[in-house]
Amino acid sequence: MTAAARTTAVWAALSAITVVSWFLAPARHAEPVVASTPITVGVLVLALIKSRLIIQEFMEVRTAPLWLKLATEGWLVVLFGAIVVSYVW
Amino acid sequence: MTVAQAGTASAWTQKPNIDQWIAWWTIPVFYNIFGLIFVVLTRVMPPPRPDITQTQIVQFFVDHSLTIRIGFALLMFFIGFASVANGLIAQQMKRMSISPVFAYAYIGALVVGGLPGCLIPAFAFVAAALRPDRDPQIMVMLYDWCLLSFVGSLGCFCTQNMVLALAIFLDRNDVLPKWLAYMSIWMIVTELLASPVFVFRSGPLAWNGSISFYLGTVVFVVWEFCMIRLLYTAIKKQSPSEQIQD
Amino acid sequence: MTTTSATSAPSATRHLPATKDLWVFVLGDFVIFGSYFVIFMVSRRQERDLFIESQRHLSLNIGVVNTLVLLASSWFVARAVQLTRDGEFDRARKLTVGGGLCGLVFIVIKAYEWSAKIAQGHTFPSNNFFMYYYMLTGVHLFHVAIGLVFLGVSYVELRNRRRIAPVETGATYWHMVDLLWVVIFALLYVMR
């Protein structure tokens, strides 16, 4: 696919994932909102996917030198790892 | 043993850019003394907590009365070294291809920030330490005054970092590297996040908070190390016969 | 496997978009914001119920809309870079404006959201959740404002000098701002 089509496809995927979180977010009904580990982990996984897509595609790290790939992947792992650990611990 | 002839200057004074090297040396000296004063003697860094009781605050001044006064007496002499450092940086900014407006603004911004950043806290603590048997309410006020000023005034330095960043971005002479300009933007962010200390008495946005104080301090230390190193390189590369704009 | 059009970034060779200086900035900002996020999570652990209860007062709709707006702005900006590489400076300029306008829309929506929350009595010192809410969205908003300056520089470059590096710089920075919002959105609005 052309670069333009690829960019548009990435944008569409990101937007679709965002809309999915509309359904995962806390309900706005009268019932009490409960913490939910599966939903939160799901939300964080989706956020990780979106972040990585932005980095690899929009920020063009996919075709960037190795040091940059390692730095950004490393940051994603450390950050989301820390977030998940602090949530489930 | 040969005796130097009358009228001949010593070799070291002839070293290229010796004037700037002398100025440069005031920077590491200043920061080491700064650490001695603020960390060891006066206990302002890391800051004692905002959320302790009146009794504990009074006790703090009783415990540290002498070292606070000695430490800040030292500050009176050494604080001026910061002005030398800023003169040096301003001079380097004048080597850039932009108007000296930026250099002047840099100096001005640091004068504005230095007062609440260093001197006002010093006097508040010294006044409290001088007579620890004062009305406890007054002791609490002096405690608050020092620490709110010390941490909360960081926003005053935003202008310093803004003009530095802008100057570096616009400079075509590459006196200082662009990445320092970007680091200065981090400084602006962490300085902005020091203002909430006026709102919170505990937590990460209090004057002893992980975000308002500690993260900001880490960013500052890194920035300062880089600045010291970059000034060293800049002076080394600078030709003594270079013409600098007025 | 990638196939790109002949004049877009070559896929066989490694290409560093923008400059190393900018990447120092982006990576450092990632670390700094990462610290904020971790500190937020640690605080959240200590007051889980308060955070979940307070989160209900945020408008998910506004959060989603803002996210979609920023994602669209990133599309505009990414396409602008590609068009610049293809030499289509006028179209690139227009798309840059599109990205910037999305950024402005984001700011306006955020301002509206904040005033709505304040009117409902949820202010900066209300509780720890709202402290983080205003702090994270506030620092992010500052970054959006800086981003608009970067895009402004891109716009001027595309009109006059037409060099690609400043356009890539602005775009890379803008994507960083988008990414940070994605994480903020997940942490503040969605996760429980």
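This section describes the chains of a predicted model, their contacts and their buried cores.

Chain C is built from helices. Six helices and zero strands are present in chain C. In sequence order the pattern reads α-α-α-α-α-α. The C-alpha trace of chain C spans about 55 × 30 × 30 Å along its principal axes. Of its 192 residues, 60% count as buried. Contacts in chain C often link distant parts of the sequence: among those between residues at least 6 apart, 79% join residues at least 24 apart.

Chain B has seven helices and zero strands. The pattern along the sequence is α-α-α-α-α-α-α. Taken along the principal axes, the C-alpha atoms of chain B fill a box of roughly 65 × 50 × 25 Å. Buried residues account for 50% of the 246 residues in chain B. Among contacts in chain B between residues at least 6 apart in sequence, 76% join residues at least 24 apart.

Two pairs of chains are in contact, and chains A and C share the most contacts. Chain A and chain B do not touch. The nearest C-alpha atoms of chains A and B are 16 Å apart.

The largest nonpolar core has 132 residues. Within this core, C:Phe30 and C:Tyr36 have the most contacts. Helix H6 of chain C, residues 164-190, supplies the largest share of the core, with 18 residues. Another core lies apart from it and has 35 residues. Among the residues of that second core are B:Ile33, B:Phe34, B:Phe61 and B:Phe72. In soluble globular proteins, nonpolar side chains tend to be buried together.

C:Tyr36 has contacts in chains B and C. Leaving out residues up to four places away in sequence, C:Tyr36 touches B:Val189, B:Thr190, B:Leu193, B:Ile211 and B:Leu215 in chain B. In chain C, C:Tyr36 touches C:Met135, C:Leu136 and C:Val139.

Two of these partners, B:Val189 and B:Thr190, are also among the buried residues of H6(B). Helix H6 of chain B covers residues 178-192. The 15 residues of this helix should span 21 Å at 1.5 Å a residue, and the end C-alpha atoms are 22 Å apart, which agrees. H6(B) is mostly covered, with 12 of its 15 residues buried. The buried residues include B:Leu180, B:Tyr182, B:Met183, B:Ile185, B:Trp186, B:Met187 and B:Ile188. B:Ser184 and B:Glu191 are buried as well. Within chain B, the buried residues of H6(B) pack against helix H5 (158-170) and H7. In chain C, they pack against helix H1 (20-46), helix H5 (128-159) and H6.

H6(C) also meets chain A. The axes of H6(C) and helix H2 of chain A, residues 37-58, come within 10 Å. These axes cross at roughly 175°. Angles over 145 degrees count as roughly antiparallel, and H2(A) and H6(C) are therefore roughly antiparallel to each other. On the H2(A) side, the contact is made by A:Val43, A:Leu44, A:Ala47, A:Lys50, A:Ser51, A:Ile54, A:Ile55 and A:Phe58. On the H6(C) side, the contributing residues include C:His175, C:Asp178, C:Leu179, C:Val182, C:Val183 and C:Phe185. C:Ala186, C:Leu187 and C:Val190 of H6(C) also take part. The residues of this contact divide into 13 nonpolar, two polar and two charged.

A:Ser15 marks another contact of chain A with chain C. A:Ser15 lies in helix H1 of chain A, residues 3-24. Its relative accessibility is 12%, under the 20% limit, so A:Ser15 counts as buried. Beyond residues up to four places away in sequence, A:Ser15 touches C:Leu68 and C:Leu71.

Helix H3 of chain C runs over residues 60-85. The 26 residues of H3(C) reach 38 Å from first C-alpha to last, close to the 38 Å expected at 1.5 Å a residue. H3(C) is mostly covered, and 21 of its 26 residues are buried. C:Gly87 follows H3(C) and has a positive phi, near 85°.

B:Pro240 lies in the segment after helix H7 (210-237) of chain B. B:Pro240 is exposed, with a relative accessible area of 57%. In sequence, B:Pro240 and B:Lys15 are 225 residues apart, yet their C-alpha atoms are 9.6 Å apart in space. Leaving aside neighbours within four places in sequence, B:Pro240 is in contact with B:Pro16 and B:Asn17.

Terms used: Residues are numbered from 1 along each chain as its sequence is written. Chains are lettered from A and ligands numbered from 1 in the order in which they are written. This is a predicted model: local features need pLDDT of at least 70, side-chain atom pairs count only at pLDDT 80 or more; totals for chains, interfaces and linings use all residues. Side-chain values use heavy atoms; hydrogens and water are left out. A nonpolar core is a set of buried Ala, Val, Leu, Ile, Met, Phe, Trp, Tyr and Cys residues joined through side-chain atoms within 4.5 Å. Buried means under 20% relative accessible area, exposed over 50%, partly exposed in between (1.4 Å probe, protein chains only). Helices (H or I, at least four residues) and strands (E, at least two) are DSSP runs, numbered from the N terminus. Contact means heavy atoms within 4.5 Å. The expected span of a helix is 1.5 Å times one less than its number of residues. Axes are lines fitted to C-alpha atoms, for helices over the stretch in contact, and angles run from 0 to 180 degrees between N-to-C directions. Angles under 35 degrees count as roughly parallel, over 145 as roughly antiparallel, 65 to 115 as roughly perpendicular and the rest as oblique. Ala, Val, Leu, Ile, Met, Phe, Trp, Tyr, Cys and Pro count as nonpolar, Asp, Glu, Lys and Arg as charged, and the others, Gly among them, as polar.
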